[in-house]
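Please open the model in your viewer and keep the selection tool at hand. The stops below say what to select next and what is there.

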Amino acid sequence: MEKQQEQKARRIVLLTHVLGLIMKAIGYFFSGSAVLMNESIHSLIDCINQGLLAIGENRAQRGRSELHQFGEGRATYFFSTVVAMTVFLGGGILAVVEAGRDLLDPTHEVEQLQLVAAILFVSLFIEVTAVQEGWQEVKEQNKQNQPLVRFLKESRDSDLLLGFTENLFALGSVTIAIAGILLTALTDNPIFDSLGGILGGLLLIAAAVFLAKEFYSLLIGEGASASDLMAIKQILADPAIIQIKDLRTLHLSPEELLIVADLTLKLGPEEPSVFIDTIEQRIKQALPDLRVYCYIESEEVPS
């Protein structure tokens, strides 16, 4: 049921982006505005994002197979990396090149300024709403009240990382676009329209660099977040555990965590297998939002 709701929400978001793309493209056709061209590229990127992420999500939902014995959960990281490296970076470079061409073109003019401004203010409303919704999701997941940038770096949820970052940079882009078109209207100088387009493209490139770095790390394989690792270590601080010889964690997907540990235990009346089962259950209870796989080896020594 929850998955159906997510798919429905994704379709609604995609429809919103498609309508935004049509609106901005029509505005650009009639006005020739560099900032509207940049915003059209941004909306096109949003549409492509949703398609690629849907593909990644479908791949991630596949069960285990002989080839992928832990499933394909990291497919979401791969497709998010594709979005960051190709769509964002390519779109940003294209926006900078096209707006730069307008900047150097002495015949460049912006027509229908009122239409451009109206479209941009509608876009501003949409982006503010999207950022507010994303911020609510961030607050729900940010249980440690970490600073925003640190939380995004710590997050293993690629959808949240990509979606919120994209919306935040889109809000910055449309704000710059509005400033550029208002300055163009006030001064009757289209250079501000071109500069707004260039700055918006540079924002896309900055988003691509930030996201590519984060998704590369996730794709290679990140361990548990700092808070989750602390919870695991607190459980392993049991008096019956003399030494933690080795402890490694790995996110198989945003919702799956692999834990491998090698422990030295005190020799006691309780069977080691029973104690290990108890430790595993305590770890799973401490991380209710994750599907946890524990592989714990132990050696007993006299107490």
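Into which domains is the chain divided? Colour residues 1–220 as domain 1 and residues 226–301 as domain 2, bounds that come from an automatic or database domain assignment. The model is a predicted one, in which local features need pLDDT of at least 70 and side-chain atom pairs count only at pLDDT 80 or more, while totals for chains, interfaces and linings use all residues. Residues are numbered from 1 along each chain as its sequence is written, and side-chain values use heavy atoms, with hydrogens and water left out.

Begin inside domain 1 by selecting helix α2 (residues 34–60) and helix α6 (residues 158–187), whose axes come within 10 Å and cross at roughly 170°; helices here are DSSP runs of H or I with at least four residues, numbered from the N terminus. The axes are lines fitted to C-alpha atoms over the stretch in contact, with angles running from 0 to 180 degrees between N-to-C directions. The crossing makes α2 roughly antiparallel to α6, a term for angles over 145 degrees. Show the side chains where they touch, among them His42 and Leu53 of α2 and Phe169 and Ile181 of α6, contact being heavy atoms within 4.5 Å.

Keep α6 selected and add helix α7 (residues 191–220): the axes of this pair come within 8 Å and cross at roughly 170°, which means that α6 is roughly antiparallel to α7.

Next, show both domains, whose C-alpha centres lie 40 Å apart. Eleven residues of domain 1 are in contact with eleven residues of domain 2, and the area buried between them is about 920 Å², of which carbon and sulfur atoms give 57%; this is the accessible area (1.4 Å probe) that the two parts lose on being put together, summed over both. Select Phe70, Arg74 and Arg156, which supply 51% of the area that domain 1 buries against domain 2, more than any other three residues.

Finally, stay on Arg156 and add Glu222, with which Arg156 forms a salt bridge whose closest N and O atoms are 3.1 Å apart; the rule asks for a side-chain nitrogen of Lys or Arg within 4 Å of a carboxyl oxygen of Asp or Glu. Because Glu222 lies in the loop between α7 and α8 (226–235) and Arg156 in the loop between α5 (148–154) and α6, the pair ties together parts that are 66 residues apart in sequence.

Definitions and conventions
Helix = DSSP H or I, 4+ residues; strand = E, 2+ residues; numbered from the N terminus. Parallel < 35°, antiparallel > 145°, perpendicular 65-115°, else oblique.
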